[in-house]
Amino acid sequence: MVLRNYQAEYKKKTRGSAKIFAKSLKLHVNGVSHNIRYYDPYPFVVKSSRGKSLIDVDDNRYTDYWMGHWSLILGHSPKKVKSLLKNQIEKSWMYGTVNEQTVKLSELISKAVPVAEKIRYVTSGTEATMYAVRLARSVTGKQIIAKIDGGWHGYTSDLLKSVNWPFSESESSGIVNEEKIVSIPFNDLEGSMKILKKHALNLAGVIIEPVLGGAGCIPATKEYLKGIQEFIHKNESLLILDEIVTGFRFRYGCLYPTMKLDPDIVTLGKIVGGGMAIGVVCGKREIMEYADTNDKKKSERSYIGGGTFSANPASMTTGFATLTELKNKRSTYEKINKLGEYARKELGKTSDGKAIITGKGSLFMTHFVKDGVTEIANASQASMCDIKALHDHHFKLIARDGIFFLPGKLGAISDTHTKQDIKEMVSAYFT
Ligand SMILES: Cc1ncc(COP(=O)(O)O)c(C=O)c1O
């Protein structure tokens with residue numbers, strides 16, 4: 001499907017962005033500080049954000065479905081979060097020492113996520129998954145980690161394998177010991193078991209997301225996750241659930257209890273930081289205690305961080321304020337999950353067979369079908385879809401309609417979106 005080229009319209013309304021981005025290109029690789037933030041001809045430059053909206057330097061307003069890498073479940077700069085953050089900033093935003101804000105956030109997380117018997121904070125999801133892998137290796141004394149074809153866990157060197165199609169090609173130079181990471185097909189228990197069994201003796205753990213985010217917002221089936229868990233636990237390996245996207249996204253807490261799973265380590269990020277830098281590695285006490293540096297010898301311990309900005313009072317405050325708001329207003333989930341369901345249903349109808357819509361709760365993704373794809377249950381099927389068409393449609397929405405999806409990525413609904421917003425997005429999407 002060929003769309004009109006909207007670049008001329010975009011360039012006309014984003015002249016200020018073009019000027020700033022030209023400077024940015026001189027200073028930064030590809031002009032950006034996260035690869036996915038670049039799109040042609042240049043990304044617009046944001047000067048402020050509020051509620052459901054981003055405002056660019058040319059005063060264009062965009063209804064945002066990217067929502068800060070899906071971290072802003074309450075929308076941009078929500079009042080109560082802002083107010084607590086302001087109070088904290090008055091006191092200071094960086095101590096580099098123990099602070100009470102951390103304890104307050106951890107009390108909320110440990111109540112809502114039963115497996116979080118011990119918690120360690122870092123400043124990104126990437127760090128959290130890096131430490132989760134190290135912990136699994138320390139605890140089991142084994143080396144191999146299995147991940148999912150198409151699974152994204154940040155730029156963690158260990159996990160930078162089998163992310164993009166074709167999964168057999170290395171994602172980057174500079175990565176060593178790739179043979180210590182194996183990749184299994186999502187939602188294919190038989191195919192996954194064959195690979196896991198081959199590596200059983202040296203298998204430290206499996207890292208998996210309950211909803212495969214990067215590859216297209218595809219929920220795992222209960223049977224698949226249960227089957228993987230059963231094998232892992234019999235094999236004395238560990239289950240690492242990466243809930244960096246799914247944690248506090250669909251309900252107050254993680255997704256795993258709804259699937260009756262018993263993970264050993266859980267990683268969190270995004271929403272639990274309330275829009276400030278965060279990563280969390282947490283899990284069962286006996287596992288997390290491998291990180292103990294007081295009583296354990298070097299040869300026994302798992303030496304995992306923090307870093308300079310771990311558990312800084314600003315991130316702890318925005319995380320605490322966000323979770324408090326979600327805890328006190330559980331109807332938020334009912335509302336945004338329903339809006340997500342509505343978006344998927346209506347997009348499915350209006351796509352007129354051109355696309356399959358995947359997702360769960362308030363997350364959704366469009367896959368423009370080609371080559372006879374009739375189902376999207378894993379990253380291989382997602383990668384057979386027309387990814388260029390998705391980029392073109394997202395760019396059209398930016399240029400023509402003032403609706404922002406990061407081109408090619410899934411959409412997230414926040415508490416600030418209304419049914420009317422979704423209706424407008426749906427009616428613009430395929431036209
Ligand atoms: C499932 C998952 N894990 C880990 C990460 C990495 O988190 P961060 O971007 O904070 O490093 C992401 C980021 O999108 C993610 O989606």
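**A buried aspartate, a helix and a ligand site**

D264 touches V115, H233, S237, L238, L239, C282, G283, K284 and I287, leaving aside residues up to four places away in sequence. The model in which these contacts are found is a predicted one, and the aspartate is a convenient place to begin reading it. D264 sits in the loop between β10 (238-242) and β11 (265-268), and with a relative accessible area of 5% D264 counts as buried, because the cut-off for that word is under 20%. Two of the contacts made by D264 are polar: the side chains of D264 and H233 are joined by a polar contact of 2.9 Å, while a polar contact of 3.1 Å joins the side chain of D264 to that of K284.

From this loop the reader may turn to helix α4, which runs over residues 79-91. Helix α4 has 13 residues and reaches 19 Å from its first C-alpha to its last, which is close to the 18 Å expected at 1.5 Å a residue. Which residues of α4 are buried? They are V81, L85 and Q88, and because these residues cover an arc of only 60° around the axis, they lie on the same side of α4. The spacing fits a general rule, for an α-helix has 3.6 residues a turn, so residues three or four places apart point the same way. What covers the buried residues of α4 includes two further helices, α5 (100-112) and α10 (313-328). The face of α4 turned away from its buried side carries the exposed residues K79, K80, K86 and E90. After the helix comes S92, whose phi is positive, near 135°.

The last stop is the ligand, which is surrounded by S124, G125, T126, W152, H153, G154, E209, D242, I244, V245 and K270. Among these neighbours, G125 places a backbone N or O atom 2.8 Å from an oxygen atom of the ligand, whereas T126 approaches through its side chain, an N or O atom of which is 2.6 Å from an oxygen atom of the ligand. With D242 the ligand atom concerned is a nitrogen, which lies 2.7 Å from a polar side-chain atom of that residue. Taken alone the ligand exposes 390 Å², and the protein buries 85% of that area.

How values were computed:
Residues numbered from 1 in each chain as written. Predicted model: local features only at pLDDT ≥ 70, side-chain atom pairs only at ≥ 80, totals over all residues. Heavy atoms only, no water. Helix = DSSP H or I, 4+ residues; strand = E, 2+ residues; numbered from the N terminus. Expected span 1.5 Å × (residues − 1). Buried < 20%, exposed > 50% of the residue type's maximum accessible area, 1.4 Å probe, protein only. Arc of directions from axis to C-beta. Contact = heavy atoms within 4.5 Å. Near = heavy atom within 4 Å. Polar contact = N/O pair within 3.5 Å; in protein donor to acceptor, adjacent residues only side chain to side chain. Areas by Shrake-Rupley, 256 points an atom, 1.4 Å probe, with all protein chains shown as cover.
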